[in-house]
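This report concerns the nonpolar interior of a protein model and the enclosed spaces within it. Please consult the sequence and the structure while reading.

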Amino acid sequence: MYLLQLFNGLSISSILLLVALGLAITFGLMKVINMAHGELIMIGAYSTYLTQNIFKAYLPASMFDWYFVLAIPASFAIAFVVGLILEMSLIRFLYGRPLDSLLATWGVGLVLQQLARSIFGAPNVAVTSPSWLDGGLMIMDGTLLPYKRLFIIALVIACLVAMYFYIYRSHEGRRMRAVMQNRDMAACLGVSTRRVDAMTFAIGSGIAGIAGCALTLMGSIGPSLGTYYIVDAFMVVVLGGVGKLVGTVLGAMGIGMFNTLFEYWTNASLGKVLVFVCIVAFLQWKPMGFVAMRSRSLD
Amino acid sequence: MLQQKWTPQRIWLLVGYAAAAAALFSAPMFASDFRLNLLAKFLAFAIVALGLDLIWGYTGILSLGHGIFFGLGAYAMAMYLKLEASGGMPPDFMGWSGLKELPYFWKPFENFGFAVAMGILIPSVLALVLGYVTFRNRIKGVYFTILTQALVIITTTLLVGQQAFTGGTNGITGYSTILGASLGSADTKRVLYWITAAVLIAVFILCRYIVGSRFGKVLRAIRDGENRVRFIGYNPAIYQMVIFTISAAIAGIAGMLFVLHVGIISPSMLGIVPSIEMVLWVAIGGRGTLIGAALGAIAMNWAKSEFSTAYPEGWLFFMGGLFVIVVVFMPKGIAGLIGQIKFRKKRKEEDHEGIRNPAV
C-alpha cells in the first residue's frame, strides 16, 4: 500500500516538476513572474489535441498511435513560438520589475484563456491517449503502475537531462548563465543579451508546452487547465530556491510527496493546508529555499 | 505633510472631498434601489482598494491574498446573518451534509457584536501571522506575493472541502434579517448604504492619517529602499507586519459590508481571480494615491457591471488588455496621469505621493 502511495507521490512530483521546470527558467534565471505560464501549458495541451485531430482526419487509423510522438515536439514548438512573441512584444519591457511582470502576464493569460475559449469552446475536450500507454506494470498483487504515469516520469527525466546539457554543457547555455549572472559584463564581452533573453524565455515556454502535452494523458483539457497548476508550480520554485535545477527537483519532490502523504492521512483539502504550513515552516528555516545561490549583493 | 498651510490647492481639495462625500450621502435620493445596491457594493470594494493601496501603493508589498481577508470578513457576517435567519438552529446546508448540531465555533456568531469583531479580528490575525513568518525572515517581493496566492488557494479549497461547516461551493446565502430589520426592505438597504458610505469615508480618513503620519513616511521609505531604512536603524519587518494587518482588517470590514448588500458569499468570490482583480482596481486608479484607488475600484466595477453581462467575452479580453496596458504604460494609473499633467504645469510642486522611484 505504501508502495502505491510512494508511486503516486512520485507521479505527482513529476507532473509538478514538468510544470515548474519552465518556471525555473523564466522565474529562476530571468526573475520574470510569468503568470501566463499556465496558459502556455494550455497551449501545449491544445497543440496535442490538434495533432491528434490531424492524425485522425488525414492518416490511416493504424498510424494514429504514433501521433503522440509527434505531439511532444509540436507542442514544444508552438509554445516556444508563443513564448518568443510574448517576450519580444511585452516581457522585455518588464525586466527588473517582477511584480509588474506578474500583473501584466496575468492579463496576457486572461486573454489567451479567453482566446482558447473562443476557438475551442468552453467545455473540456478529451485527448485519446495512444494505446501503447494503456494498461500498466503489475509489480505486486493489486499494485498496478500505469504506463501513462511511468511515461510522464520518463518524460520529465528526459527534459531534465536535456536542460542540464543545454544549460551547463552547451555554448548557448553558457551565454545564458553569463547573462543571468552579470548582464553588463556579458554584454561587454560581446554576448547579445537581447537574443539570449528571448531564447531563454522561449525555451521556458516550450517546456511548458511539453508539460501541457503530458497533462493530456491525465485527463480532459480545457481553457483553464493551466490555472490549476500555476500556483503549485510557483510554490515548487519558491521552495526549491532559484537558479539551480537541483533545487527545483527537490522542491517538486518535496511538495509532491508531502501532498500525497497528507492527503492519504487526512483529506484533500486539509492535505493542501498542511503542505502550505510545511512550506511556510520550511521557509522559516531556509528563507531562500533548498538551494540558494550564494551572493554578497543586497537584494 | 504634517503641517500644511491653507494653500488654495488644499482648500480646493477639501472642497472637492466634501462635495464627493455629500454626493455619496445624497445618492439614495437620485438612484433607484437597484442602482443604489450596486453602488453600495462598489463602495465596499472601494474600501478594500484603500486597504490594498496602503500596502501595495505605499509600502510596495503586493498581496494577492486580499480576497481571503475580504472573504473571511464576509463569512463572519454571513454566519451571523444565517443564524439569525434560521433562528439559532443549524442552517439548511448543515442538514444536507448530515450535521444535526450547530458546531461550537458557529454558536457565538449569533451575537452581532461578536460577528463584527470576528470579521475584523480573523483577517487581522491571519495577516499578522503570515506577516510575522514572512517579513521577519525577509521573505519579500515576489516570494511574499506567491505565498499570499497560495494562501488564497488553500483557503478556498478548505472552504469548499469543509462543506458541512461552510456551505461548500454554494457558500452561505438565504438571509432574512439583520438585527431584526428585514434585509429586503428599501429602508434597511438605504441605511446600510449610508453605513457603507460612512465607513468608506472613515477608512479614507484613517488611511490619509496613516499615510501622512511619520509611520506612513517610513512605509514609503521601505517601498523605495528597504535596505536603507534598515541601515538607518528601523526594523522594516514591524512596519510591514502592522500595515499588512491594518490592510487585512480593512478588507475584512469591506467584506462584511459586501455581504449585507449582495446577500451571498461563496468561495468563488474570494478566489484567485477576485483577489487579483482587486489589485487591478488599484493599479488603474493609481497606486500610491488613496483617492485613485477608491475611484479605480468604483469605476472598474461600474464598467464591469455595465459591460460584462452584455459582452462576457469582450470583457475578459478588455480586462486582460487593460492589465497589460496599465502596467506597461501607466504604472501610476489614472491618478498618476493627472499627476503628470499637473507636474508639467508646475515643476516646482513635486508630487510627493507619486511613485517616482519604485524599488521593486
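The following paragraphs treat the core, one buried residue and the cavities of this predicted model.

**Nonpolar core**

The largest nonpolar core comprises 208 residues. The members that touch the most other members are A:F27, A:L103, A:F276, B:L81, B:I172 and B:I265. Helix α2 of chain B (residues 33-56) contributes the largest share of this core, namely 16 residues. In general, nonpolar side chains in soluble globular proteins tend to be buried together.

A:F276 merits separate description. Apart from neighbours within four places in sequence, A:F276 is in contact with A:M235 and, from chain B, with B:L130, B:L147, B:A150, B:L151 and B:I154.

**A buried threonine**

B:T145 lies in helix α6 of chain B, which spans residues 142-161. Its relative accessible area is 1%, and because the cut-off for buried is under 20%, B:T145 counts as buried. When neighbours within four places in sequence are set aside, B:T145 is in contact with A:L99 and A:L102 of chain A and with B:L62 and B:L64 of chain B.

**Cavities**

Searching the whole structure yields 3 cavities of 30 Å³ or more. The table describes the largest and the second largest of them.

| Cavity | Volume | Nonpolar lining residues | Polar lining residues | Charged lining residues |
|---|---|---|---|---|
| Largest | about 120 Å³ | 8 residues | 1 residue | 2 residues |
| Second largest | about 60 Å³ | 4 residues | 2 residues | 3 residues |

The lining of the largest cavity draws on both chains: chain A supplies A:D232, A:M235, A:I255, A:N259, A:K272, A:V275, A:F276 and A:I279, while chain B supplies B:A150, B:I153 and B:I154. At least two lining residues come from each of α9 (225-240), α10 (245-265) and α11 (268-285) of chain A, and likewise from α6 of chain B. Of these elements, α11(A) gives the most, with 4 residues. A:F276, A:M235, B:A150 and B:I154 are among the lining residues, and A:F276 is in contact with A:M235, B:A150 and B:I154.

Which residues line the second largest cavity? They are B:D33, B:L36, B:N37, B:A40, B:A186, B:K189, B:R190, B:Y193 and B:H261. Helices α2 and α8 (186-212) of chain B each provide at least two of the residues in this lining. Helix α2 of chain B is also the element that supplies the largest share of the largest nonpolar core.

Terms used. Residues numbered from 1 in each chain as written. Chains lettered and ligands numbered in written order. Predicted model: local features only at pLDDT ≥ 70, side-chain atom pairs only at ≥ 80, totals over all residues. Heavy atoms only, no water. Core = buried A, V, L, I, M, F, W, Y, C linked by side-chain atoms within 4.5 Å. Buried < 20%, exposed > 50% of the residue type's maximum accessible area, 1.4 Å probe, protein only. Contact = heavy atoms within 4.5 Å. 1 Å grid on protein atoms, 1.4 Å probe; cavity = no way out; pocket = protein on both sides within 12 Å on 5 of 7 lines; lining within 4 Å. Points joined across faces, edges and corners; volume = space filled by probe spheres on them. Nonpolar A, V, L, I, M, F, W, Y, C, P; charged D, E, K, R; others polar.
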